[in-house]
Amino acid sequence: MSGTLPLRGLRVLEFSHTIMGPCAGLLLADMGADVVKVEPAPDGDRTRRLPGFAAGFFATFNRNKRSIALDLKHAEGRAALHRLVADADIVLENYGPGTMERLGCGWEALRDLNPRLIYLALKGFLSGPYGNRPALDEVVQFQTGLAYMTGPPGQPLRAGASVIDILGAVFGVTGVLAALRERDRTGQGQRVGSALFESSVFLMGSHMAGGAAVGEPPPPMPARRGAWGIYDVFKAACGTQLFIGVTSDAQWQRFCASFGLPELAQDPRLATNAQRARERAWLLPRLQETIGALDFDTATRQCAAADVSCSPVGRPEQLAQDPHLLASGGLLATAIAAMGGGPEVPLPALPLEFGEERDRAPLRRQPPRIGEHTREILVSAGFDPGSIEALHRSGVLIDGAAAPQPQPG
């Protein structure tokens with residue numbers, strides 16, 4: 001790593017589970033903040049025990065963090081946490097409405113302990129009539145029209161990743177960074193809110209504007225009247241699918257030259273993108289004839305020769321061998337066992353570079369065990385060993401430091 005971590009020196013307390021909160025903490029941790037994951041004792045973040053496709057959530061969103069496990073339902077646990085808040089820069093949470101308040105850790109309580117605190121509340125909805133409703137990524141995808149726009153007509157379909165959880169986290173961190181900048185001027189912290197519903201609504205903005213511009217509601221994406229004449233999936237001779245996008249008139253001319261289609265390049269019905277979009281009914285089958293006679297590698301090379309965007313239809317498991325990611329440092333060998341240790345798999349690094357460097361957000365810590373750093377965090381906050389041991393014996397905290405935790409090589 002050739003540069004300092006951009007957020008080095010910031011101290012963060014994270015109260016979170018599943019994706020939205022952990023993702024916000026991950027963004028801060030990857031960029032150098034000291035993110036302490038505050039887990040409920042004795043069981044820890046329930047995300048550690050999710051089955052099925054969700055079994056990878058914890059490993060994906062909890063690297064580069066330390067873990068402390070406290071029972072905040074006990075006065076001693078709350079008192080210990082409040083001592084940590086006094087020196088924190090940021091608290092972030094994505095618990096249900098009212099949960100942090102019941103635990104004595106809501107914004108009103110914590111700002112009295114630390115007026116410089118930035119408090120990020122990641123919720124289902126921002127303030128308003130829906131404010132106290134529970135929500136999930138998938139629920140708001142249906143509520144806002146994202147599922148309607150994704151699936152074919154009559155078959156609404158959620159997006160193939162938790163895009164709203166992640167987008168809400170990104171908006172939340174953006175708000176935190178703005179609040180930190182404001183704190184530099186005023187010396188005062190503030191509450192920042194980000195939410196699933198409003199994040200999903202933001203994604204619908206272009207569809208809302210497009211519908212208003214053309215005077216009719218936008219159809220689902222699979223049935224849309226597209227903006228581009230050629231923006232589709234084709235099959236090569238071997239049956240492998242290839243997406244090709246021709247988005248300008250200059251690209252169209254180069255595409256026709258590369259694929260040996262002079263008659264289409266000279267056809268006046270296809271001179272502009274708008275004209276090609278109107279002629280799709282016959283144009284796409286004609287292009288499929290040409291592409292279908294070629295093997296996949298040849299079709300890909302000819303798109304490259306024309307400087308036209310194309311891609312095979314990829315799958316998630318193929319990304320671990322992607323040559324671009326491997327060469328650029330885009331994958332981090334991460335332990336996927338939620339209890340610590342276990343096999344390491346390549347998972348995506350933060351999708352940022354500073355200058356031309358991706359190593360400004362490296363893997364410094366594997367996802368932590370429950371309470372792995374409880375003792376060291378409390379010692380650094382001024383707790384004496386006897387007090388920590390007493391809290392341990394009473395069940396107020398979990399000291400998970402007994403077993404060694406593998407670190408990145």
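Biologist: Which residues of H14 are buried?

Modeller: In this predicted model, burial means that under 20% of a residue's relative area is accessible. By that criterion, Leu283, Leu284, Leu287, Thr290 and Ile291 are the buried residues of H14. Around the helix axis they span an arc of only 120°, so they lie on the same side of H14.

Biologist: Which exposed residues does the face turned away from the buried side carry?

Modeller: That opposite face of H14 carries Ala281 and Glu289, both exposed.

Biologist: How many residues does H14 have, and what distance does the helix reach?

Modeller: H14 comprises 13 residues, 280-292, and its first and last C-alpha atoms are 17 Å apart, close to the 18 Å expected at 1.5 Å a residue.

Biologist: Against which elements do the buried residues of H14 pack?

Modeller: Their partners are two strands, S7 (230-235) and S8 (241-246), together with the helices H11 (249-258), H12 (262-265), H13 (273-278) and H15 (296-305). H14 lies across S7 and S8 at about 40° to S7. H11 also lies across these two strands, running at about 135° to S8.

Biologist: What is the strand order of the sheet, and which strands stand at its edges?

Modeller: The sheet is open, with three strands in the order S7-S8-S9 and antiparallel pairing. S7 and S9 (309-312) are the edge strands; each has a single partner strand, so one side of each lacks a neighbour in the sheet. From one strand to the next, the twist averages 15°.

Biologist: How many bridges join S7 to S8?

Modeller: Six bridges link these antiparallel strands. Lysine 235 is placed opposite glutamine 241 in S8.

Technical notes:
Residues are numbered from 1 along each chain as its sequence is written. This is a predicted model: local features need pLDDT of at least 70, side-chain atom pairs count only at pLDDT 80 or more; totals for chains, interfaces and linings use all residues. Side-chain values use heavy atoms; hydrogens and water are left out. Helices (H or I, at least four residues) and strands (E, at least two) are DSSP runs, numbered from the N terminus. The expected span of a helix is 1.5 Å times one less than its number of residues. Buried means under 20% relative accessible area, exposed over 50%, partly exposed in between (1.4 Å probe, protein chains only). The arc is that of the directions from the helix axis to the C-beta atoms. Contact means heavy atoms within 4.5 Å. Two strands pair if DSSP finds at least two bridges between them. Axes are lines fitted to C-alpha atoms, for helices over the stretch in contact, and angles run from 0 to 180 degrees between N-to-C directions.
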